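Reader: I'd like a close look at one part of this model, walked through slowly. Could you take me through it and its surroundings?

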Amino acid sequence: MRAPRSTLLLAPALLIACGGDDDKNPVDGNGGETPGEIEVPSAYVFDSRFSEGESSVAYSGQTVRNLLLQDLKILIDSAGKDGARPISVQEMLDLYDYDDALDLQSRTTTGDRPAVESRYSAISTGKNLSGKISGDVVIGYGRTADELVRGWFEVIAANSEDADKLGTPAAYTDENGVDLTQMVNKVLIGAVPYYQATGVYLAGLLDRGNGEPHSEGKAYTSMEHGWDEAFGYFGAARDYSRYTDAKLAGSVGDYTFDSNGDGRIDFKSEYNFGLSRNAGKRDRGGTGVDFSGDIFAAFLEGRTLIVNQGSEGEIAAQRQAAANGMEKVIAATVVHYINDTLSDMAALGTDDESRVNLNKHWAEMKGYTVALQYNPFALISQGQLEELHGIMGQAPSYDAPGSAGYDETVREYGRAKEVFQAAYGFSDANMANW
């Protein structure tokens with residue numbers, strides 16, 4: 001990641017988490033004096049135009065949904081580990097349909113530092129995944145993402161009750177070899193945070209007011225808040241440019257900094273969730289790309305333009321850059337998993353893990369391809385997505401290397417890579433090496 005363009009350096013102590021979320025408050029006509037124009041900061045930190053000394057940044061609800069999504073995968077993964085116990089449909093629904101009355105604590109760990117707050121409802125109330133999922137029919141499946149996910153929960157729960165499957169990847173793999181922990185996670189990444197960021201908050205941004213507080217007592221305008229909510233779904237820490245690609249690509253505990261030095265990690269400001277981490281992974285594995293830097297720069301510059309009450313054209317340009325940047329991250333990740341799937345297919349029969357690896361990587365490839373349909377600013381076309389789903393089908397192929405079926409599948413996946421390269425202009429080197 002390159003450092004975003006900036007002339008204003010902000011101290012880590014200013015990375016203060018803020019509350020607030022969706023547009024559910026009564027309208028207030030309070031105005032405020034417009035301050036002088038600000039310059040693009042190096043961190044996602046913006047002061048209120050209306051309340052001196054108060055931050056105008058708020059996206060705690062998005063933080064909760066990113067946590068719920070991540071914790072749902074942790075729960076499902078647990079069924080495949082040594083010492084596992086069966087997991088029920090209700091346990092999965094408790095995260096997917098989360099209700100504050102459950103008062104659950106996140107399963108996500110933060111390395112060697114405790115979390116500032118790990119109970120969902122203490123971070124933000126009234127938030128779940130099912131209430132924000134896209135209602136669009138999934139290409140190639142004829143059902144919505146919500147219908148697919150609920151059906152997959154049933155299969156996972158039934159498998160986990162089978163003593164022969166419990167404690168192995170079979171606990172979350174269907175009869176056709178589809179790794180459902182990956183399908184649930186990747187489809188939900190597309191149908192909730194990616195969809196909400198691009199299809200709801202960025203898509204509706206220019207219809208929002210930007211001259212007075214969003215509602216009574218709020219420190220931000222409606223447009224500022226909508227932009228923040230899109231950034232919250234991207235899931236980056238406030239000082240994202242501080243993170244190297246290697247750190248973003250690391251394991252739990254690697255992709256956090258205690259930026260304000262209080263000995264704890266704040267999920268709302270000091271943690272990087274799925275899409276923001278994937279950007280670093282693809283940067284690290286690629287050449288000549290800086291997805292993480294480009295996306296963060298777009299979010300910083302767009303938010304600065306909103307504060308400065310820039311023109312719709314200027315704001316729309318940064319909106320497009322942020323949306324396209326997130327799309328390219330997902331597309332590059334599909335390419336990465338096409339390459340992994342091809343490697344796994346070539347290794348079939350060489351060891352006991354070859355089929356497990358193929359199931360996992362195929363589902364990551366397929367799930368992220370589903371995710372690409374949820375962006376109204378998309379660079380890839382509906383026709384290209386339909387072609388990709390036709391190539392990938394709905395389950396991995398186990399044809400033996402050297403067989404006619406194997407050779408045909410390899411050719412088809414090569415065609416899938418051509419579709420991605422045509423849509424996004426990725427270099428030959430990145431198509432081969434991601």
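What is the handedness of the crossing where H9 passes H10? Please start there and work outwards.

Author: Happy to. Bear in mind that this is a predicted model. The crossing of H9 over H10 is left-handed. The two helices pack with axes 8 Å apart, at an angle of about 155°. Since angles over 145 degrees count as roughly antiparallel, that makes H9 roughly antiparallel to H10.

Let's take H9 by itself for a moment. Helix H9 covers residues 291-307, and at 1.5 Å a residue its 17 residues should span 24 Å. The C-alpha atoms at its ends are 24 Å apart, so the expected and computed values agree. H9 is also largely enclosed by the rest of the structure, because 15 of its 17 residues are buried.

Now for the side of H9 that meets H10. On the H9 side the contact residues are Phe291, Ile295, Ala297, Ala298, Phe299, Glu301, Gly302, Leu305 and Ile306. Their counterparts in H10 are Glu314, Ile315, Gln318, Ala321, Ala322, Gly325, Met326, Lys328, Val329 and Ala332.

Phe299 deserves a stop of its own. Along with Leu188 and Phe420, Phe299 touches the most other members of the largest nonpolar core, which has 113 residues. The helix that gives the most to this core is H10 (residues 312-346), with 13 residues. If you skip sequence neighbours within four places, the contacts of Phe299 are Tyr44, Trp227, Ala230, Phe231, Phe234, Ala322 and Met326. Two of those names should ring a bell: Ala322 and Met326 are also on the H10 side of the helix pair.

Between the two helices there is a loop, and Gln309 is found in it. Just after H9, then, the backbone does something you may want to look at: Gln309 has a phi near 55°, a positive value in a residue other than glycine. At 37% relative accessibility, Gln309 counts as partly exposed. There is another case to put beside Gln309, in the loop between H2 and helix H3 (120-123), where Asp103 is found. Asp103 has a positive phi too, near 50°, and at 40% relative accessibility it counts as partly exposed.

Back on H10, try Ala332, which has its place in that helix. Ala332 has a relative accessible area of 0%, so it is buried. Leaving out neighbours within four places in sequence, Ala332 is in contact with Arg282, Phe291, Phe426 and Trp434. Phe291 is one of the H9 residues that meet H10. Phe426 is 94 residues away from Ala332 along the chain, yet their C-alpha atoms are separated by 8.2 Å.

Arg282, another contact of Ala332, takes us to helix H8. Arg282 is among the buried residues of H8, together with Leu275, Ser276, Arg277, Asn278, Ala279, Gly280 and Asp283. Helix H8 (residues 274-285) has 12 residues, and the distance from its first C-alpha to its last is 16 Å, close to the 16 Å expected at 1.5 Å a residue.

One more thread leads out from the core. Leu188, named above alongside Phe299, is one of the H5 residues in contact with H1. Helix H1 (residues 60-78) and helix H5 (residues 180-202) have axes that come within 9 Å and cross at roughly 170°. H1 and H5 are therefore roughly antiparallel to each other. Among the H1 residues making that contact are Leu69, Leu72, Lys73 and Ile76.

Lys73 lies in H1, and at 19% relative accessibility it counts as buried, because the cut-off is under 20%. Beyond its neighbours within four places in sequence, Lys73 is in contact with Thr181, Gln182, Asn185 and Lys186.

H1 has a second partner, H2. Their axes are 9 Å apart and the packing angle is about 165°, so H1 and H2 are roughly antiparallel to each other. H1 passes H2 in a right-handed crossing, whereas H9 passes H10 in a left-handed one. Here Leu68, Asp71, Leu72, Leu75 and Ile76 of H1 meet Glu91, Met92 and Leu95 of H2.

Finally, have a look at the loop between H1 and helix H2 (89-96), where Ala84 lies. Ala84 and Gly167 are 83 residues apart along the chain, with their C-alpha atoms separated by 5.1 Å. Not counting residues up to four places away in sequence, Ala84 touches Ser78, Ala79, Leu166 and Gly167.

How values were computed: Residues are numbered from 1 along each chain as its sequence is written. This is a predicted model: local features need pLDDT of at least 70, side-chain atom pairs count only at pLDDT 80 or more; totals for chains, interfaces and linings use all residues. Side-chain values use heavy atoms; hydrogens and water are left out. A nonpolar core is a set of buried Ala, Val, Leu, Ile, Met, Phe, Trp, Tyr and Cys residues joined through side-chain atoms within 4.5 Å. Buried means under 20% relative accessible area, exposed over 50%, partly exposed in between (1.4 Å probe, protein chains only). Helices (H or I, at least four residues) and strands (E, at least two) are DSSP runs, numbered from the N terminus. Contact means heavy atoms within 4.5 Å. The expected span of a helix is 1.5 Å times one less than its number of residues. Axes are lines fitted to C-alpha atoms, for helices over the stretch in contact, and angles run from 0 to 180 degrees between N-to-C directions. Angles under 35 degrees count as roughly parallel, over 145 as roughly antiparallel, 65 to 115 as roughly perpendicular and the rest as oblique. A crossing is left-handed if the near helix is turned anticlockwise from the far one by less than a right angle, and right-handed if clockwise.
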